[in-house]
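Here are some notes to read with the structure open beside you. Take the points one at a time, and find each place in the viewer before moving on.

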Amino acid sequence: MLSAFDPEDTIAATASPPGAGLRGLVRLSGPAAWRIALGGFKPENPGPPRRSPQVVAGVYRLPGLRPPLPASVALWPGPRTYTGQELAEIHAPGSPPLLALLLGHCLDRGARHAQPGEFTLRAFLSGRIDLTRAEAVLGVIDARNQGQLDAALEQLAGGLSTPITALRDRLLDLLAHLEANLDFVDEADVDPLARAELADELDDGAKTLDLLAGRLGSRDRSAGHPRVVLAGPPNAGKSRLFNALMRGEHAIVSARAGTTRDYLNGLCDCDGLVVELVDTAGVETPDDAVTAQAQKLRADETDRADLVLLCASADLDEPIATIQADDDRLLRVWNKSDLGSPPGDGDWLATSAAAGDGIAALRSAVARAIRGQHREGDLATTTSARCRDSLIQAAAALRDASATILDGGGDELVALDLRLGLDELGKVTGAIVTDDVLDRIFRRFCIGK
Ligand code: GDP
Ligand code: ZN
């Protein structure tokens with residue numbers, strides 16, 4: 001699959017989100033990147049060609065486009081680039097049809113359209129980045145909130161791979177020593193003090209891994225729970241619904257102060273799926289500035305929501321608020337069903353937060369909606385969970401090795417445990433990597449990354 005992608009191809013893709021931004025770019029990587037990018041391009045200040053990083057301003061003359069198109073081309077010679085290959089970027093106004101035209105121009109001149117994640121795959125294959133960094137790139141792209149973004153950026157900066165690589169190198173040394181001993185030294189000659197030190201060192205290594213696994217774990221906790229946000233007009237009963245859904249059993253984990261209005265959130269169990277439930281503040285104050293800020297806060301919350309529970313109720317003058325959200329991100333809740341039935345049109349889930357009616361059905365509906373929108377690689381199957389698993393296994397292997405040493409076990413057994421631990425660490429940094437893992441990871445990238 002992915003490993004069959006020929007790195008000798010020059011690949012091209014637009015690298016800005018479709019339809020967004022004032023500037024867009026077409027990125028090229030491969031042996032013909034410069035030649036293709038400079039085809040049809042007239043530099044403002046033509047000069048002798050140089051093999052060094054440079055940005056050239058000029059215009060493109062493209063078939064199908066009458067006026068010359070002003071653009072700049074950034075050029076990097078390989079191999080000290082992100083992909084480890086010759087790289088070019090054509091920067092142009094961010095109009096989608098223009099970028100499509102430029103991309104088409106590159107394809108006509110021999111580039112192949114890049115597969116999702118193929119730029120990063122090349123970076124990985126050329127040894128420019130290891131697997132944890134490749135995943136961090138993915139994390140940055142996928143980040144749904146600041147916490148996830150911070151974690152991904154830290155990982156990108158080597159937060160995980162640096163300590164693991166250092167530990168792995170040290171273990172490789174130890175293994176080499178052990179295996180040398182196996183060949184040349186009689187068991188009886190082995191210095192008992194040195195063995196105790198070795199056991200200590202392995203225990204320390206295991207502790208380091210515990211720590212790293214814990215950091216990945218905390219990232220999972222902040223990243224893993226889908227956000228379900230209660231929205232709707234004031235007095236629809238959002239806060240009371242919030243309490244009914246929380247059942248009072250789950251402690252409220254934080255009451256974060258917005259600048260002026262608070263919102264409450266807590267973890268809530270919906271048919272075995274734990275979601276983060278958020279109660280946005282109603283607009284209840286006459287102060288305009290405060291109102292505006294409250295509305296902004298609520299809009300942010302609903303934007304970031306995986307699911308919005310749009311609450312309405314019969315006793316309000318304007319019971320139904322409108323909200324910007326895709327259908328699969330929206331559940332309509334008709335609260336205070338004890339006061340009146342929902343209108344016949346539209347899909348309403350009837351609840352009474354006061355009487356406790358429909359609350360269990362609402363929980364099930366939330367779980368169904370979230371599970372229904374569950375995308376490949378999202379939520380449960382985060383790659384950090386995979387790394388965490390390997391770190392835990394590696395730590396266990398080091399502890400086994402240490403115990404074997406202290407029990408006076410043979411070096412063969414110690415070496416066996418060390419090798420197991422090294423394999424697990426290798427999976428994290430990508431030194432040992434199967435096509436299956438590669439494919440799972442890189443399939444999730446957007447094209448152009
Ligand atoms: P919010 O502004 O949307 O958070 O609404 P609240 O939760 O503060 O509720 C507004 C009012 O409606 C309060 O007096 C609640 O006691 C009442 N209320 C909430 N849910 C129900 C319900 O299911 N039935 C009835 N009869 N009253 C409710
Ligand atoms: Zn409220």
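1. Let us begin with Lys336, which sits in the loop between β13 (330-335) and β14 (349-350). This is a predicted model, so please read every value below as computed from it. The phi angle of Lys336 is near 60°, a positive value in a residue other than glycine. Is Lys336 buried or exposed? With a relative accessible area of 17%, Lys336 is buried, because the cut-off for buried is under 20%.

2. Asn235 makes a nice companion to look at. Its phi is near 75°, again positive in a residue other than glycine. Asn235 lies in the loop between β8 (227-231) and α8. Here the relative accessible area is 55%, so Asn235 is exposed, the cut-off for that being over 50%.

3. Follow the chain into helix α8, residues 238-246, and you will find Ser239. The "binding site" annotation in the unreviewed UniProt entry covers Ser239 and Thr260. Ser239 is partly exposed, as its relative accessible area is 42%.

4. Which residues join α8 to its neighbour α10? First look at the geometry: the axes of α8 and helix α10 (residues 359-373) come within 10 Å and cross at roughly 85°. The two helices are therefore roughly perpendicular to each other. On the α8 side the contact is made by Leu241, Ala244 and Leu245, and on the α10 side by Ile359, Leu362 and Arg363.

5. Now turn to the sheet. Seven strands form an open sheet in the order β3-β4-β5-β6-β2-β1-β7, and their pairing is mixed. Its edge strands are β3 (41-43) and β7 (112-113), each of which pairs on one side only. As a reminder, strands of a sheet pair through backbone hydrogen bonds, either parallel or antiparallel.

6. Try tracing the antiparallel neighbours within this sheet. Strands β4 and β5 run antiparallel and are joined by seven bridges; Gly58 stands opposite Ala71 in β5. Five bridges link β5 to β6, also antiparallel, and there Val73 has Ile90 of β6 as its bridge partner. Then β2 (residues 23-29) and β6 (residues 87-93) run antiparallel with seven bridges, where Leu25 is partnered by His91 in β6.

7. Why is β5 described as largely enclosed by the rest of the structure? Six of its eight residues are buried, so the description fits β5. Just along the chain, Pro79 is in the loop between β5 and β6. The peptide bond from Gly78 to Pro79 is cis, with omega near -5°.

8. Two helices deserve a look against the sheet. Helix α2 (residues 96-108) lies across β1 (11-14), β2, β4 (54-60), β5 (69-76), β6 and β7, and runs at about 15° to β2. Helix α3 (residues 118-125) also packs on the sheet, where it touches β1, β2 and β7, and its direction makes about 135° with that of β1.

9. How many disulfides does the structure hold? The count is zero. Two cysteines are still worth finding: Cys106 counts as buried at 0% relative accessibility, and Cys311 counts as buried at 1%.

10. Finally, step back to the whole chain. There are 13 helices and 14 strands, and 46% of the 449 residues count as buried. Among contacts with a separation of 6 or more, 64% come from residues 24 or more positions apart.

Technical notes. Residues numbered from 1 in each chain as written. Chains lettered and ligands numbered in written order. Predicted model: local features only at pLDDT ≥ 70, side-chain atom pairs only at ≥ 80, totals over all residues. Heavy atoms only, no water. UniProt positions renumbered as here; feature names shortened; annotations may be inferred. Helix = DSSP H or I, 4+ residues; strand = E, 2+ residues; numbered from the N terminus. Buried < 20%, exposed > 50% of the residue type's maximum accessible area, 1.4 Å probe, protein only. Pairing = 2+ DSSP bridges. Contact = heavy atoms within 4.5 Å. Axes fitted to C-alpha atoms, helices over the stretch in contact; angles between N-to-C directions. Disulfide = S-S within 2.5 Å. Parallel < 35°, antiparallel > 145°, perpendicular 65-115°, else oblique.
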